[in-house]
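Please open the model in your viewer and keep the sequence panel beside it, since this tour moves from one selection to the next. Each stop says what to select and then what is found there.

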Amino acid sequence: MDLDFYRQKAQLKQKEHRKFLDGLKKKPPKNLDYLVLEKHEETFGEIDCLSCANCCKTTGPLYTEKDIERISKHLRMKQADFESKFLRVDEDNDKVLQNLPCFFLNDDNTCSIYDVRPKACREYPHTDRKKIYQINNLTIKNTLICPATYVFVEKMRQVLEK
């Protein structure tokens with residue numbers, strides 16, 4: 001996966017993507033949620049996250065209390081020990097990873113806690129959300145991190161800008 005290629009393309013199309021997504025917000029098509037899901041599935045049929053894992057290498061997820069409880073139980077650790085070993089509180093008062101890449105990312109780009117991973121990881125890159133126009137800024141940001149998000153936005157444009 002050529003991350004630089006996708007990042008450069010995403011940077012070049014930031015304004016176009018923002019204009020397109022803002023248009024969805026102003027006047028969402030009736031079938032938008034259906035199209036989003038269709039293009040999400042199509043995109044992830046073409047792009048294998050394990051060939052990339054850039055999100056795990058560059059972006060730390062937010063850990064909810066439920067995430068911490070579930071993961072620490074899975075690792076047979078006390079929650080306080082899990083937090084002190086892996087997490088820190090950021091400027092927004094959220095619990096996030098102390099370091100990147102993610103400690104749980106294996107050498108083959110698989111996740112050592114995949115079945116109990118944080119909610120933020122399960123939902124990333126949010127390209128299957130209903131009312132996707134509610135997260136336009138996040139989607140734009142994710143096109144720079146996640147090649148699949150870039151491809152997804154391009155597929156949506158192809159369908160809706162006809």
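## From the largest pocket to a buried threonine

Begin by selecting C55, T59, A120, C121 and Y124, which in this predicted model lie nearest the centre of the largest pocket, a pocket lined by 46 residues. Its volume is about 1100 Å³.

Next, colour the elements that give two or more residues to this lining, which are α4 (54-58), β2 (95-97), α7 (119-123), α8 (136-145) and α9 (147-160). Which of them gives the most to the lining? That is α8, with 4 residues. If you then colour the lining of the largest pocket by class, you will find 31 nonpolar, 7 polar and 8 charged residues.

Keep α8 selected and add helix α1, residues 3-12, whose axis comes within 7 Å of the axis of α8 and crosses it at roughly 145 degrees. To see how the two helices meet, show the side chains of L3, R7, A10 and Q11 on α1, together with T143, L144 and I145 on α8, because contact here means heavy atoms within 4.5 Å and these are the residues that make it. By class, the residues of this contact between α1 and α8 divide into 4 nonpolar, 2 polar and 1 charged.

For the last stop, stay in helix α8 and select T139. Is T139 buried or exposed? T139 counts as buried because its relative accessible area is 2%, and buried means under 20%. Finally, leaving aside residues up to four places away in sequence, show L21, I132, T149 and V153, which T139 touches.

Definitions and conventions
Residues are numbered from 1 along each chain as its sequence is written. This is a predicted model: local features need pLDDT of at least 70, side-chain atom pairs count only at pLDDT 80 or more; totals for chains, interfaces and linings use all residues. Side-chain values use heavy atoms; hydrogens and water are left out. On a 1 Å grid over the protein atoms alone, a cavity is a set of points where a 1.4 Å probe fits but cannot get out, and a pocket is an open set with protein on both sides within 12 Å along at least five of seven lines; lining residues have an atom within 4 Å of a point. Grid points are joined across faces, edges and corners, and a volume is the space filled by probe spheres set on the points. Ala, Val, Leu, Ile, Met, Phe, Trp, Tyr, Cys and Pro count as nonpolar, Asp, Glu, Lys and Arg as charged, and the others, Gly among them, as polar. Axes are lines fitted to C-alpha atoms, for helices over the stretch in contact, and angles run from 0 to 180 degrees between N-to-C directions. Buried means under 20% relative accessible area, exposed over 50%, partly exposed in between (1.4 Å probe, protein chains only).
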